[in-house]
4 protein chains.
Amino acid sequence: MKRVGVIGASGYTGAELLRLCAGHPDLEIVIATGETMAGRRVSDLYPSLAPAYPDLVYRPYDPADVEGCDLVFLGLPHGESQSIGPDLRKRVGLVLDLAADFRLVHPADYVTWYGAEHTAPDELGQWAYGLPELNPEVATADAVAVPGCYPTAAALALVPLVEAGLVEREGIIVDAASGVSGAGRGPKENTTFCAVDEDFAAYGLLTHRHTPEMAQVIGAPVLFTPHLAPMSRGILATCYARPAGTTSTAELLDALADRYASSPFVVVDERSPSTKDTLGSNSAHLTARFDERTGTVLVLCAIDNLVKGASGQAIQCANLRLGLGETTGLPLCGVNP
Amino acid sequence: MKRVGVIGASGYTGAELLRLCAGHPDLEIVIATGETMAGRRVSDLYPSLAPAYPDLVYRPYDPADVEGCDLVFLGLPHGESQSIGPDLRKRVGLVLDLAADFRLVHPADYVTWYGAEHTAPDELGQWAYGLPELNPEVATADAVAVPGCYPTAAALALVPLVEAGLVEREGIIVDAASGVSGAGRGPKENTTFCAVDEDFAAYGLLTHRHTPEMAQVIGAPVLFTPHLAPMSRGILATCYARPAGTTSTAELLDALADRYASSPFVVVDERSPSTKDTLGSNSAHLTARFDERTGTVLVLCAIDNLVKGASGQAIQCANLRLGLGETTGLPLCGVNP
Amino acid sequence: MKRVGVIGASGYTGAELLRLCAGHPDLEIVIATGETMAGRRVSDLYPSLAPAYPDLVYRPYDPADVEGCDLVFLGLPHGESQSIGPDLRKRVGLVLDLAADFRLVHPADYVTWYGAEHTAPDELGQWAYGLPELNPEVATADAVAVPGCYPTAAALALVPLVEAGLVEREGIIVDAASGVSGAGRGPKENTTFCAVDEDFAAYGLLTHRHTPEMAQVIGAPVLFTPHLAPMSRGILATCYARPAGTTSTAELLDALADRYASSPFVVVDERSPSTKDTLGSNSAHLTARFDERTGTVLVLCAIDNLVKGASGQAIQCANLRLGLGETTGLPLCGVNP
Amino acid sequence: MKRVGVIGASGYTGAELLRLCAGHPDLEIVIATGETMAGRRVSDLYPSLAPAYPDLVYRPYDPADVEGCDLVFLGLPHGESQSIGPDLRKRVGLVLDLAADFRLVHPADYVTWYGAEHTAPDELGQWAYGLPELNPEVATADAVAVPGCYPTAAALALVPLVEAGLVEREGIIVDAASGVSGAGRGPKENTTFCAVDEDFAAYGLLTHRHTPEMAQVIGAPVLFTPHLAPMSRGILATCYARPAGTTSTAELLDALADRYASSPFVVVDERSPSTKDTLGSNSAHLTARFDERTGTVLVLCAIDNLVKGASGQAIQCANLRLGLGETTGLPLCGVNP
């Protein structure tokens with residue numbers, strides 16, 4: 001049994017880590033921190049977790065508390081991991097950060113897209129990018145920057161085609177829709193039920209912070225348009241690219257299937273992927289098409305933003321690093337219906 | 001009071017015509033047909049209509065019945081309008097068809113996209129395309145082909161930019177999401193609540209029948225990817241195009257605002273449009289952006305697929321033709337929340 | 001054209017008044033107030049209202065501003081109408097309050113259920129209770145306390161049976177479900193999309209503030225259990241009562257049908273009422289059953305909480321008082337699907 | 001590893017058994033039957049199951065096929081288990097039926113509520129009622145009638161109070177709401193997305209088939225009113241009863257807590273239970289209140305209708321019978337958000 005700490009366990013990704021660890025045979029939560037929630041029971045904030053954690057109480061973060069942990073997940077708001085991450089790496093053998101703090105390798109990108117200087121720029125590049133299907137080196141990393149939800153979906157769809165030379169690096173468009181949990185737990189005017197229900201709208205036009213992360217992992221510039229869909233979970237990335245030469249739907253599907261032949265969480269199929277088929281699971285479903293009429297490559301990927309797009313992928317990285325078996329404790333099948 | 005017949009009033013567009021006519025001061029429903037529902041009360045099928053139509057009963061279609069009508073709407077499944085439309089035009093002064101039967105001007109398009117020869121090809125081109133904001137000639141037409149829901153949204157977004165020469169005719173992508181009512185009233189495996197709820201998925205990849213209609217009205221080839229969103233109504237079209245020269249967000253917004261300066265149902269604004277703001281109304285909300293980083297034009301349009309995308313637009317056409325005032329009886333404001 | 005002021009127009013009931021007035025031929029909004037929103041355009045807060053009110057701006061409330069109004073609606077949070085209502089009645093010929101401030105006739109009820117002394121107890125009983133189907137005297141009132149959403153549904157269901165002596169006054173239970181708009185516009189932890197979506201739960205167990213209002217209008221004590229359903233609008237009241245003697249489903253349905261024979265917004269039918277059939281409309285749908293097996297009367301009523309349960313009913317009262325025709329400008333048919 | 005057969009695996013309860021078994025360390029699916037789906041891959045019907053069952057194909061039912069199974073679940077439509085159940089019991093050591101066929105002990109109840117004579121009345125009473133928290137004898141049974149979804153929720157709420165003598169057996173009302181998956185996979189007019197979305201309505205007034213099962217397990221007559229809520233999963237039972245003497249909220253909560261002190265799936269708490277907290281899990285959340293004002297006992301229970309209300313409970317029974325540990329492979333925590 002590995003001892004697990006969750007720093008920042010009051011948000012959705014933190015709570016999802018607790019849910020997934022409750023069903024994991026080898027991971028045991030020993031500490032959960034939450035500054036504003038300190039002293040409250042986890043089950044008060046998340047009654048869904050009550051059967052597994054009847055007595056777990058949020059604590060304020062104290063570096064000394066986590067020293068006995070085998071691994072620590074960080075579920076903090078963006079910017080906070082920067083300040084404690086470097087220190088944490090010295091105290092705990094495996095640190096996995098679910099924020100954006102260590103994902104981008106160029107400090108300038110933080111200034112451009114996040115509006116502030118990175119406070120620990122020397123760390124950048126030292127954290128492995130935690131997308132195991134595309135970056136198997138994460139299995140040996142002591143510090144992991146777990147990818148964002150949109151970049152996970154876009155990268156799973158596009159990287160095999162870009163790296164196989166099937167599509168050009170110019171003119172890539174990622175048009176994606178997300179469930180509302182991607183916006184976090186805190187109440188906001190644009191995430192109330194009445195604002196979102198029966199609505200579909202784009203947001204963050206041209207300026208969403210996941211854009212440079214996508215470009216970095218895909219290795220090409222992208223125009224990214226996120227949309228908010230009236231559902232709690234799920235991301236569908238519908239990606240458009242220009243073919244590098246003559247291609248076909250069969251060739252595209254083969255390229256995806258080959259790339260993911262040994263990836264237990266990835267399903268490549270002719271059918272159009274549905275987010276609901278991934279709900280609550282760590283799976284990703286993909287398809288692709290070549291439109292001869294307009295000369296366009298279309299590739300789609302569906303995931304659960306909180307699982308494969310965050311907490312599940314973090315545990316997948318930990319499983320690999322700890323030799324526990326890639327799929328251990330992680331749901332393969334979506335909760336559908 | 002104008003006497004109105006609705007041929008095919010048991011589907012969603014037919015029922016929506018009844019709802020809108022109930023609030024229209026100058027239109028009075030005198031006949032509603034429905035072959036499989038003949039003999040049943042409209043209020044049995046649509047209890048929502050009971051307060052306005054407590055005693056209206058579906059009849060089978062009989063051409064003689066509609067001769068006293070001032071205008072007739074056709075809400076039939078695709079293919080059926082072809083067989084009765086030419087005859088109806090001789091009996092009634094104003095005929096408005098909500099199906100695709102008379103929208104495309106090239107008979108070959110029906111073979112390619114609908115899989116069958118058109119049975120009245122001589123009619124094609126004789127029916128005015130009923131998108132008043134872009135085709136004001138509809139105000140004098142006796143036969144109107146009311147546009148499809150997706151083409152309405154895509155055309156309102158793209159036509160002003162294409163016609164102003166701001167975007168190229170190559171490389172246009174229309175990525176859109178629709179509420180489920182677009183699939184019609186009949187139960188199907190992919191439109192049950194459990195199939196759609198909490199799901200987001202693309203469908204009809206590369207092959208959706210609205211593609212040639214979009215290309216025709218926009219005057220350019222398009223790649224069209226529709227998605228199904230877990231909501232009853234609404235279409236958002238997120239359109240991508242390549243700029244024809246140097247442009248800017250301000251120039252794009254101005255082009256839209258100028259084109260729709262005298263269109264009471266169109267709102268052009270910097271904010272990203274929401275389908276819910278149009279729910280139940282005949283309005284269309286638009287915005288645009290130019291992304292200098294990737295050199296891409298982005299233009300979005302939100303409508304209610306059953307109102308501006310079908311029955312409301314049909315009444316808007318009738319209002320213009322009958323001199324009743326373009327907005328008469330048509331909701332301007334969406335039901336939000 | 002009657003000149004209308006809306007005091008407190010930034011909340012949902014205020015916005016709904018604006019939506020409904022936009023479709024009303026005889027009511028014209030001349031002023032809309034909102035303290036925290038003063039200076040902002042109405043269309044910024046509610047883009048759905050943009051087509052009808054492109055230039056309307058929220059103002060702070062100033063009593064002098066409303067003196068030219070023919071009627072004023074109050075859409076303020078509970079407690080605020082008490083302070084300005086008495087003064088307003090002297091300035092404007094017709095005042096309609098949508099809060100609870102003047103609904104209860106006994107000052108003690110405010111202490112018990114609202115936790116504070118009423119600040120204008122002399123006003124209580126001077127405001128007519130604005131449920132026209134049950135209280136036709138509202139047609140001559142200059143000051144109207146518009147009923148709450150739950151009491152409207154429960155009263156429409158139960159009052160005809162209680163007053164006809166068909167059910168006992170002991171043992172009445174009102175089990176009801178509401179859409180989320182009943183909780184108002186402000187973001188709260190329990191009304192975020194992720195909190196409500198895919199969830200069904202009771203709230204306010206034993207203590208909901210609408211309980212004494214129900215008891216007052218029904219003339220009997222009630223146990224009221226409200227639930228929150230994952231939808232934006234709609235209330236269904238499922239009411240249980242004990243029969244006063246031998247009765248039958250037919251007798252109960254007849255009692256309802258007789259009582260509402262001349263009520264254009266009320267539909268009495270054997271079918272179980274659906275909230276969606278009332279969406280956006282001022283209609284109420286009812287049915288009843290007598291269960292011989294357990295000796296229980298069951299009566300159900302569905303309404304749209306923001307229309308018949310608030311703003312639509314307020315306009316209905318105004319229509320009657322101003323001699324405009326009870327249904328003028330008010331939708332009869334729900335937006336369904 | 002126990003070998004599992006699922007007879008009738010194409011419906012929702014069958015698919016849910018496959019999902020749960022995919023995460024169960026000791027249960028392995030060896031056969032899945034489906035008459036109309038025979039020859040199709042399970043993953044074609046349920047892409048959500050593709051990662052765990054890429055090659056599993058539905059077969060027609062053949063009794064010889066299941067003889068090697070350690071246990072068999074029946075997920076057939078009502079009425080079909082009667083014909084194969086008696087034979088199956090002779091072939092397989094443990095048979096668990098998820099239909100209603102063996103739940104009621106009185107043959108006459110089938111005639112009254114299901115409209116047909118039971119075809120194997122001698123079996124009735126020989127199948128243990130599979131609600132382990134209330135019927136621990138199921139741990140030794142070879143044939144198990146797994147309870148219905150509504151009766152599970154109602155019984156968990158009411159049985160402790162009835163058996164402790166805290167409430168009377170007369171006048172019990174169960175007012176409940178269910179997600180749409182309770183209606184099964186087949187498309188029907190009343191379960192399309194557009195029919196259910198944004199709607200709340202009661203159905204089966206006075207006549208729902210779960211009524212006699214509730215009465216049997218609770219040991220008292222009940223008036224049961226089910227409602228359909230716009231969500232895929234979840235049941236909330238809001239139950240009303242008359243106190244047998246003086247009681248209090250504390251006494252009621254204690255009675256529930258005592259009864260379920262050793263039940264790992266049951267959470268008793270002061271907070272009002274939410275269906276979403278149980279989504280995808282086998283947990284049940286309960287609370288209770290005594291309303292002194294009206295002298296009424298209120299007790300509520302939330303479950304996931306497909307898990308604790310069907311497939312999860314079936315596996316819970318199998319776990320107990322096979323000595324695998326009651327919670328093995330069954331999610332404790334709901335997927336929330």
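The following exercises, each with a worked solution, concern a predicted model.

**Exercise 1. The extent of the contact between chain A and chain C**

Task: Determine how many residues each chain gives to the contact, and what area is buried between chain A and chain C.

Solution:
- Begin with the residues: chain A supplies 16 residues to the contact, and chain C supplies 16 residues.
- Turn next to the area: about 1400 Å² is buried between chain A and chain C, and carbon and sulfur atoms give 64% of that area.
- Then identify the main contributors in chain A: A:Pro187, A:Phe193 and A:Cys194 lose the most area to chain C, and together they account for 44% of what that side buries.

**Exercise 2. Charged and polar pairs across the interface**

Task: State how many salt bridges and how many residue pairs in polar contact link chain A and chain C.

Solution:
- Across the interface of chain A and chain C, the rule finds 2 salt bridges.
- One example of a salt bridge joins A:Arg185 to C:Glu189, with the closest N and O atoms 3.5 Å apart.
- For polar contacts, the count between the two chains is 4 residue pairs, with both residues at pLDDT 80 or more.
- As to secondary structure, helix α6 (residues 193-196) of chain A provides 3 residues, the largest share of the side of chain A that touches chain C.
- By class, that side of chain A comprises 8 nonpolar, 4 polar and 4 charged residues.

**Exercise 3. How the copies are related**

Task: Find the rotation and the shift that superpose chain A on chain C, and establish through which surface the copies meet.

Solution:
- A rotation of 180 degrees, with 0.0 Å of shift along its axis, superposes chain A on chain C at an RMSD of 0.0 Å.
- This is the relation of a two-fold axis.
- Since 100% of the interface residues of chain A are also interface residues in chain C, the copies meet through the same surface.
- For chain A and chain B, a turn of 180 degrees and a shift of 0.0 Å along the axis give an RMSD of 0.0 Å.
- Here, too, 100% of the interface residues of chain A are also interface residues in chain B, so these copies meet through the same surface.

**Exercise 4. The setting of C:Asn282**

Task: Locate C:Asn282 and decide whether C:Asn282 is buried or exposed.

Solution:
- C:Asn282 lies in the loop between β11 (266-268) and β12 (284-291) of chain C.
- The relative accessibility of C:Asn282 is 0%; because the cut-off for buried is under 20%, C:Asn282 counts as buried.
- The side chain of C:Asn282 makes a polar contact of 3.0 Å with the side chain of C:Gln316.
- Leaving aside neighbours within four places in sequence, C:Asn282 is in contact with residues including C:Phe265, C:Val307, C:Leu330 and C:Pro331.

Terms used
Residues are numbered from 1 along each chain as its sequence is written. Chains are lettered from A and ligands numbered from 1 in the order in which they are written. This is a predicted model: local features need pLDDT of at least 70, side-chain atom pairs count only at pLDDT 80 or more; totals for chains, interfaces and linings use all residues. Side-chain values use heavy atoms; hydrogens and water are left out. Contact means heavy atoms within 4.5 Å. Buried area is the accessible area (1.4 Å probe) that two parts lose on being put together, summed over both. A salt bridge is a side-chain nitrogen of Lys or Arg within 4 Å of a carboxyl oxygen of Asp or Glu. A polar contact is a pair of N or O atoms within 3.5 Å; within protein, one must be able to donate a hydrogen and the other to accept it, and residues adjacent in sequence count only if both atoms are side-chain atoms. Helices (H or I, at least four residues) and strands (E, at least two) are DSSP runs, numbered from the N terminus. Ala, Val, Leu, Ile, Met, Phe, Trp, Tyr, Cys and Pro count as nonpolar, Asp, Glu, Lys and Arg as charged, and the others, Gly among them, as polar. Copies are superposed by least squares on the C-alpha atoms of residues with pLDDT of at least 70 in both. Buried means under 20% relative accessible area, exposed over 50%, partly exposed in between (1.4 Å probe, protein chains only).
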